[in-house]
Amino acid sequence: MQVRIVYHDKVQNITGKQVEMLNLDESATVASLLSRLGATHPESLGLLSSFQLCRGGQAITTDAFLSDGDIIDVSLSETALA
């Protein structure tokens with residue numbers, strides 16, 4: 001399946017991208033997406049736990065399953081910015 005990742009604010013600076021398309025396994029969860037992001041962007045490893053991920057404007061948990069065509073917004077949580 002293919003998922004579109006939209007990076008916001010400081011995450012754009014970390015990844016060097018605004019948007020990225022990722023191919024994931026059909027059974028991918030948010031946790032597996034985070035793992036993939038860490039592998040793709042090793043400079044983000046220290047902040048992965050501070051990433052806030054949303055789908056359709058709603059925060060999603062690490063155990064949520066992803067679907068083909070999902071658009072995932074990635075930003076840093078407020079505590080990471082403090």
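Which residue in strand 5 does I5 stand opposite? In this predicted model, the residue facing I5 is I72. Strand 1 and strand 5 run parallel and are joined by four bridges.

These two strands belong to an open sheet of five strands, ordered 2-1-5-3-4, with mixed pairing. Strand 2 (19–23) and strand 4 (58–59) each have a single partner strand, so each edge strand has one side without a neighbour in the sheet. Helix 2 packs on the sheet and touches strand 1, strand 2, strand 3 and strand 5. The direction of helix 2 makes about 115 degrees with that of strand 2.

On the other side of the order, the pairing is antiparallel. Strand 3 and strand 5 pair in this sense over five bridges, and Q52 has S75 in strand 5 as its bridge partner. Strand 3 also runs antiparallel to strand 4, with two bridges between them; here C54 is partnered by A59 in strand 4. The hairpin of strand 3 and strand 4 has two residues between the strands, and G56 takes a positive phi near 60 degrees in this hairpin.

The nonpolar core comes next. The largest one has 21 residues, and L33, L53 and I72 have the most contacts inside it. Strand 1 (2–7), helix 2 (30–40), strand 3 (51–55) and strand 5 (71–76) each supply at least two of its residues. Helix 2 gives the most, with four residues. Leaving aside residues up to four places away in sequence, L53 touches V30, L33, L34, Q58, A59, I60, I72, D73 and V74. In soluble globular proteins, nonpolar side chains tend to be buried together.

Key:
Residues are numbered from 1 along each chain as its sequence is written. This is a predicted model: local features need pLDDT of at least 70, side-chain atom pairs count only at pLDDT 80 or more; totals for chains, interfaces and linings use all residues. Side-chain values use heavy atoms; hydrogens and water are left out. A nonpolar core is a set of buried Ala, Val, Leu, Ile, Met, Phe, Trp, Tyr and Cys residues joined through side-chain atoms within 4.5 Å. Buried means under 20% relative accessible area, exposed over 50%, partly exposed in between (1.4 Å probe, protein chains only). Contact means heavy atoms within 4.5 Å. Two strands pair if DSSP finds at least two bridges between them. Axes are lines fitted to C-alpha atoms, for helices over the stretch in contact, and angles run from 0 to 180 degrees between N-to-C directions.
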